[in-house]
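I opened this notebook to record what I looked up in one structure. The entries are brief and follow the order of my reading.

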Number of protein chains: 2
Amino acid sequence: MNQKQLLRPVADAAALSAPLANYNTADAVEFLNTLELQRAAETLAALSLPRAVKMLEAPELHRSGELVAALPPARAAALLGLMADDRATDIVHELDEEERARLIPLLGNEARQTIQKLLSYPPNTAGALMTTEFVAVPATWTVAQTLQHIRQVERTRETVYAIYVLDPANQQLQQVVTMRRLITGLPEESILDVAQVNPPVMVDAQMDQEDVARLIRRHDLLAIPVVDAQQHMLGIVTVDDILDALIEESTEDAHKFGGMEALDKPYMQIGFFEMLRKRAGWLSVLFVGEMLTASAMQHYEDELARAVVLTLFIPLIMSSGGNSGSQATSLLIRSLALRELRLRDWWKVALREVPTGMVLGAILGCLAIVRIVIWQLGGFHDYGEHWILLAITIGAALVGIVTFGSLSGSMLPFILKRLGFDPASASAPFVATLVDVTGLVIYFSIAAMILHGTLL
Amino acid sequence: MNQKQLLRPVADAAALSAPLANYNTADAVEFLNTLELQRAAETLAALSLPRAVKMLEAPELHRSGELVAALPPARAAALLGLMADDRATDIVHELDEEERARLIPLLGNEARQTIQKLLSYPPNTAGALMTTEFVAVPATWTVAQTLQHIRQVERTRETVYAIYVLDPANQQLQQVVTMRRLITGLPEESILDVAQVNPPVMVDAQMDQEDVARLIRRHDLLAIPVVDAQQHMLGIVTVDDILDALIEESTEDAHKFGGMEALDKPYMQIGFFEMLRKRAGWLSVLFVGEMLTASAMQHYEDELARAVVLTLFIPLIMSSGGNSGSQATSLLIRSLALRELRLRDWWKVALREVPTGMVLGAILGCLAIVRIVIWQLGGFHDYGEHWILLAITIGAALVGIVTFGSLSGSMLPFILKRLGFDPASASAPFVATLVDVTGLVIYFSIAAMILHGTLL
């Protein structure tokens with residue numbers, strides 16, 4: 001983009017920002033999302049700084065990184081400096097190395113240091129989500145002093161509803177005061193008189209966002225303080241950041257459970273090749289894994305040639321193993337995410353899944369036997385003279401395969417967690433692939449036992 | 001439970017509540033969750049009313065309905081009357097008809113009417129989530145009057161951070177004032193002077209909770225007002241209720257996508273038979289659907305007998321269709337839930353999924369052909385004299401099946417939505433079952449075309 005293009009927006013600023021004049025921020029964001037990138041950046045550049053800041057802070061704005069990168073650098077830096085620091089950091093995260101190197105030196109000292117500090121925390125942690133724009137007052141202040149302070153700083157704080165009281169001697173976080181208690185206090189009262197009686201709930205900057213969400217819910221907070229080892233405040237995570245983070249994480253988990261890499265943009269905004277890349281990877285891995293079924297089948301080719309009737313039930317039996325595994329995996333992924341279960345509880349789950357799987361397998365086994373009996377006796381299909389033994393084989397194989405599916409589907413999230421992976425990486429197709437190969441072996445082994453000397 | 005048992009807790013109240021004395025609410029709730037039901041109810045009954053109310057209001061308390069049902073009815077009614085009305089309604093929801101009939105008449109007039117009103121809204125709607133405990137003031141008031149009012153009612157309101165300004169003439173919702181703006185106002189200023197400039201964002205009581213969440217996020221609110229057709233306020237939905245509702249909904253959606261009925265309790269607290277019931281239903285339905293594969297295979301039994309080599313690749317080919325369908329379904333479920341796409345966008349998705357599926361199928365097809373060539377030429381397995389035609393058959397079938405899988409997996413959520421079901425009911429196993437039968441037909445049709453006159 002040359003200098004002329006960068007300057008042009010200023011020329012017809014009025015024309016560009018005109019359609020946005022009557023919109024509230026959310027609607028203006030939606031409008032901006034529909035524009036082509038260059039046009040959207042020009043429109044953004046034409047807006048007043050406070051308006052543009054509000055739009056860039058909206059979690060529903062798409063392509064915020066690309067938009068900032070397309071702005072004149074001085075304007076981009078001015079906007080980043082005025083934005084809430086957590087949101088500015090998110091945007092800087094989306095920039096590539098070159099764009100960062102261009103923009104960061106243009107930022108004010110304070111904004112630059114804050115953003116660089118926040119960038120250093122791993123994604124999906126309290127540190128990455130937090131903002132440093134909170135209200136902190138010394139424990140020696142009165143209610144009136146605190147209220148006066150809040151009136152002055154209100155516009156630059158993400159929330160003023162939780163007030164953090166610091167020990168004046170060592171700056172450690174001592175208490176939390178809620179705004180609702182503060183306004184009920186008498187002006188000359190000490191701030192500590194309206195503080196909560198319980199010690200404040202605090203988190204470490206490295207804590208996973210799901211755990212932060214759990215604590216916020218558990219203690220019904222609007223914000224949670226993030227502290228270092230010396231109990232000095234680093235920032236706060238607010239409930240609306242947690243809400244955004246959880247919605248994003250549910251989408252990512254749903255994509256992963258569907259057996260693909262998580263998309264970071266809405267469906268219609270992903271390029272064709274990016275979409276292919278996100279899907280082809282796992283699909284190919286699963287395909288290569290599933291090739292083992294072809295090898296297993298080759299191993300049993302003689303049996304198959306002798307008893308073609310056995311092949312008729314292969315898809316039915318294999319899918320049942322995959323389905324029961326998929327149920328168990330989705331159950332355990334959520335239980336682990338919600339911390340209802342810990343890693344050490346794996347054996348309790350295993351002890352439960354084995355009988356559950358056996359009963360579920362027996363139910364499906366009975367259905368299969370009934371099906372074969374009706375088709376055979378009703379004359380819909382002839383399964384040969386050994387049809388009773390065949391029905392027993394199918395029924396027994398279903399008990400074995402569904403039990404194995406439930407057990408391995410439930411253990412997979414534990415194993416992934418133990419190996420340091422996200423249990424949510426266990427997808428339904430992954431479990432199905434895992435169970436398919438073993439399912440074939442179980443099926444043919446049971447068939448060999450029951451049908452030996454008759455069909456095989 | 002007889003009268004003597006009901007009275008006993010009062011006798012050793014001190015002993016029962018002693019272990020809870022040093023806990024904060026969240027820890028006390030966790031402790032209560034570990035107790036056996038009868039013991040937990042006795043402990044709850046032994047606590048002071050305000051303490052017990054706090055614990056019953058905690059979203060992490062399990063079995064809250066059962067606990068209330070196990071309390072002496074007078075105490076249960078007293079607790080329900082003191083609780084936040086939305087949470088009390090949740091608990092009444094969990095009671096059976098008989099328990100409700102016993103408790104509701106014991107409630108005070110106001111609490112009874114509120115709870116009965118809230119019970120009438122369908123689950124997962126704004127009406128079912130809302131509380132009637134909000135702060136509303138007439139537009140004629142000043143900042144000082146409003147603050148004074150809030151100080152008086154603060155303890156009985158779910159939030160005081162959003163103040164709803166009503167038109168004194170007709171009681172319609174006119175404006176919203178945030179606490180942070182209120183405290184910056186001068187005492188004698190009119191409340192309207194510190195109100196937001198934009199008209200308030202409001203929702204209908206019937207609105208789905210996911211839409212409510214979207215609006216709360218979009219406008220960065222702590223609470224959203226629920227109004228009737230005349231713009232009279234019915235209640236508010238707060239961000240923490242939305243957070244709880246979304247976490248619950250993600251769990252339900254994950255269970256459903258895994259192919260089972262959603263559990264409403266943590267894994268270890270579901271009884272063995274309830275767990276079976278939640279899983280056996282869908283598993284059996286899918287199994288009966290999948291039986292069509294056996295019928296399809298029976299139809300091709302002659303071909304199978306002539307070319308056993310074709311069976312070797314059945315699991316591989318079928319699972320690829322299921323996997324690509326599962327990817328597409330998980331993508332579209334989330335896009336529809338987040339309102340990134342509307343029902344009318346189905347054709348845009350279809351136009352995208354067809355080429356995506358074709359390329360993905362071609363990638364897998366190439367992998368399969370390479371596999372067959374290596375095994376054949378490397379001497380690992382002999383696929384017979386027509387192995388080249390076989391490889392082409394497998395490759396072509398994969399293109400067809402993966403395209404069909406992507407297309408039907410992406411259309412399924414739209415179809416469910418169009419029929420009035422939740423798109424999230426489309427599970428990975430459901431898609432796999434749908435694709436499996438068609439996948440077999442595609443495979444054998446392509447085989448018949450390519451291998452006619454040679455193997456078939």
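The entries below cover record annotations, surface patches, a covered helix and one residue pair.

**Entry 1. The model.** I noted at the outset that this is a predicted model.

**Entry 2. Transmembrane annotation.** I looked up which residues of chain A UniProt lists as "transmembrane region"; the unreviewed entry gives 354–375, 387–416 and 428–451. I then checked two of these spans in the model. Residues 354–375 of chain A are 100% helix and 0% strand, and their end C-alpha atoms lie 31 Å apart. For residues 428–451 of chain A, I found 100% helix and 0% strand as well, with 32 Å between the end C-alpha atoms.

**Entry 3. CBS annotation.** The unreviewed UniProt entry also lists "domain: CBS" for residues 130–194 and 196–252 of chain A. In the model, residues 130–194 of chain A are 23% helix and 23% strand, with the end C-alpha atoms 26 Å apart. Residues 196–252 of chain A are 42% helix and 23% strand, and there the end C-alpha atoms are 37 Å apart.

**Entry 4. A nonpolar patch.** Which residues form a nonpolar patch on the surface? I found W346(A), W347(A) and L351(A), which together have about 370 Å² of accessible area. W346(A) belongs to helix α19 of chain A, which covers residues 346–377. W346(A) counts as partly exposed because its relative accessibility is 44%, and this class lies between the cut-offs of 20% and 50%.

**Entry 5. A negative patch.** I recorded a negative surface patch made by E66(A), E94(A), E248(A) and D264(A). E66(A) sits in helix α6 of chain A, residues 64–70. With a relative accessibility of 36%, E66(A) is therefore classed as partly exposed.

**Entry 6. A covered helix.** How many of the 10 residues of helix α8 of chain A are buried? I counted 7, and the helix, residues 85–94, is thus recorded as mostly covered. The buried residues of α8(A) are D85(A), D86(A), R87(A), A88(A), T89(A), I91(A) and V92(A).

**Entry 7. A residue of chain B.** I asked whether S284(B) is buried or exposed. S284(B) is buried, because its relative accessible area is 17% and buried means under 20%. S284(B) lies in helix α16 of chain B, residues 272–299. I also looked up its separation from A28(B): the two residues are 256 residues apart along the chain, and their C-alpha atoms are separated by 41 Å.

Technical notes: Residues numbered from 1 in each chain as written. Chains lettered and ligands numbered in written order. Predicted model: local features only at pLDDT ≥ 70, side-chain atom pairs only at ≥ 80, totals over all residues. Heavy atoms only, no water. Patch = residues over 30% accessible without salt bridge, like charges linked within 9 Å, V, L, I, M, F, W, Y side chains within 5 Å. Areas by Shrake-Rupley, 256 points an atom, 1.4 Å probe, with all protein chains shown as cover. Salt bridge = Lys/Arg side-chain N within 4 Å of Asp/Glu carboxyl O. Lys, Arg positive; Asp, Glu negative; His and termini not counted. Charge placed at Lys NZ, Arg CZ, Asp CG, Glu CD. Helix = DSSP H or I, 4+ residues; strand = E, 2+ residues; numbered from the N terminus. Buried < 20%, exposed > 50% of the residue type's maximum accessible area, 1.4 Å probe, protein only. UniProt positions renumbered as here; feature names shortened; annotations may be inferred.
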